[in-house]
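Q: Could you zoom in on one hairpin for me and walk me through how its strands pair up? A bit of context on the rest of the chain would be nice too.
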Amino acid sequence: MPRLNPSTLLRRLPFYLRQFSSLPLPSPPLHSHSYSHPSPSRPDPFDPSTRSHPSRSTLTFTADPFDPSTLLKEDPISLCASLWLSSFREPSTTPPLSSYLSRLELWLLAYQKAYADDTGSYLPRSNIPASTIHSLLSLRNAVLDGQFKWGNRLTPFIRSPRDPTDPATLSKRKLKAFLTAPGPPPFQDKIVHEVLLLILEPVFESRFSSKSFAFRPGRTAHTAIRTIRRSFAGYLWYLKGDLSTLFDCPKINLVLNALIREIRDKKIVDLIRAALLTPLITANPMDEALKKKKKSRKYQKKRVLAEDEPKPDPYWLQTFFGFAPEEARKQPDWGHCGVLSPLLANICLDELDKWVEERITEFYKPSNTDTWDREQANVSWPEFLPTTGPDKTRKMDYIRFGAHFLIGVRGPRADAAVLRKQLIEFCDTRFQLKLDNESLPIEHITKGIMFLDHVLCRRVVYPTLRYTASGGKIISEKGVGTLLSVTASLKQCIKQFRKLEFLKGDREPDPQPCFRMFHATQAHTNLQMNKFLLTMAEWYRYADNRKKVVNFCSYIIRGSLAKLYAAKYKLRSRAKVYKIASRNLSRPLKEKKGQSPEYHNLLRMGLVDSIDGLHYTRLSMVPEPDYTPFPGGWQPDHERVLVEYIKLTDANTLEELRCVIKDEGLITPQDSVSMLVWSYKKNAYMFPSLEESDLDEAEEENLVSSAVKLREDLRMLGPYNQRSGEGP
């Protein structure tokens, strides 16, 4: 074909454009940077039959109406807020979830969340390229049409920004190793997880029991401990159970039945069923052993992280993760469900919550001689309650954190045994779990109940009760009551420190040097350990022995760092380290007299980092336990705001407020304005203007002040007139 010069091309350009406009557009192939074929039931924006062709005589350049960005009609945050509001306004009715699943705004928000988790940085909506929006649209269409497959690494619709590997460029051997090697789920699976979580979480949060505290927004281990301190005082017998076997190997029918009982959306149920049924790629244990052998022989080179690669957790946070209580160590991870697994676990265990709440209502038997009313208890000392007995109120309470639950019974032990038998039968019929009396022991409060690394025990107190009898006589009597004590387990704390290799020895713990921080500077090491100590002080915030436990942690950390510095700077003993660096290790250990300027001069010039001393080196520095009363019927902040907003938007609430205002003899500003307008129209009379009323008020004030001043003058002149013999 002969090559044309630019002038000829420009002259023939209108002809070429008219020819190209009459040609059909090719259908895009299915690969990672293309679109998928939408469902026939919905119009395809990329179908040439639905495109309006430009006129053949004239060319008009207009915006493409089929651009995926035009589908972003609403803010995704407001869309999620509307779903939360509708779910909390009518918890029994389920909104049409498939309509939310087709909203591209939620997919864009899910992509931002998955991008932040994968790269460690937030991507603004304005920085998302158009190609990514096209890929999200194709992924959404594949999910709606049932063409999406979990764990698809070969032909993904969208790839991670940190994954430069293109399967099309790999050889057969590398491609086989790529497809059979175990690894994290594909990036597009994480996006689908986030979308399902955005849709399902508000629906089930409005229906979950207030007795569960794990894997839920706004409910933490601290709220569970504060609930125990408030509601579990006076209970004598405790049932402590563990259903963690549900987290190991989930029963798919159990999960799907619990899901179908609440929602009837076929697309979402089929999507979760496929995620549970799709097999995972697991590693061969023999291959893992060979890899460990090879790694141990070779020299481990320090890997430099890329700029877009998320940085690992700092050492202080890794250390604190080692202190996680037993109830929070295991999280469910079912098949390809990812972050949906904790929500699905709560959906399954919510049946247990509802069943125990029914038993609580049946078990409650009030007594006329016992005045136990938790709502009217002393707010400053809410744990104080009378001891149990045959003439006392029989009551029970329940709390669940993940797969671990705690039941308190106020009554005879026989009632706790009957409840245990019923609980074993329920777990066998609903969860197919074979429990026995050993896995559900009945423990007395005097032995100490361990829950969330805190020990629940009872202290009997004898307060002096003073009251006024008939005739105004004050009577003082000695009362008997119990005080629930929530203390941190020092034995568990020592066990965790030993596991982290901070100390050795059982009877007399001896700190060990923290060699993981050997190559770090003194300022950086102290900063890391201070953050760890502050986090530990916050974790034991509601423990009665907070000062003792945090001071023990500070002693272990300080001794470990002193041994590290002694080995690093060749000072031989901790005593020499304390002598140079002081008790809190805030003075530099590298300084040598005569060879370098003083430390404070270098610090003033900005040549060295400031060294922070370790916190809590003395018992008096540790903060006191937090005994702030926990309100009854507590709700997380977001739930309370939602409930209040729903009440304010309700017409009945506005009518009730108007009735209350009328009963109190008040008037609303709207009624005041309407009365003013009606009076002007009816009588042609306007209320006095603001300036005239202000003048009248000023004149009245002047008259009153002058009268008061005249009265004071006459009172002062009275004694003088009497002494002079004159009348007043």
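A: Phe-451 has His-454 of strand 6 as its bridge partner. That pair belongs to an antiparallel match between strand 5 (residues 449-451) and strand 6 (residues 454-461), joined by 3 bridges; strands count as paired if DSSP finds at least two bridges between them. The two strands make a hairpin with 2 residues between them, and Leu-452 in the turn has a positive phi of about 55 degrees.

Keep in mind that this is a predicted model: local features need pLDDT of at least 70, side-chain atom pairs count only at pLDDT 80 or more, and totals for chains, interfaces and linings use all residues. Numbering starts from 1 along each chain as its sequence is written, and side-chain values use heavy atoms, with hydrogens and water left out.

Now the wider setting. The protein chain holds 25 helices and 11 strands (DSSP runs numbered from the N terminus: helices are H or I with at least four residues, strands E with at least two). Of its 728 residues, 40% count as buried, meaning under 20% relative accessible area with a 1.4 Å probe, protein chains only. The chain's accessible surface (Shrake-Rupley method, 1.4 Å probe) is about 43900 Å², and carbon and sulfur atoms account for 56% of that. As for contacts (heavy atoms within 4.5 Å), take those between residues at least 6 apart in sequence: 73% of them join residues at least 24 apart.

Terms used. Buried < 20%, exposed > 50% of the residue type's maximum accessible area, 1.4 Å probe, protein only.
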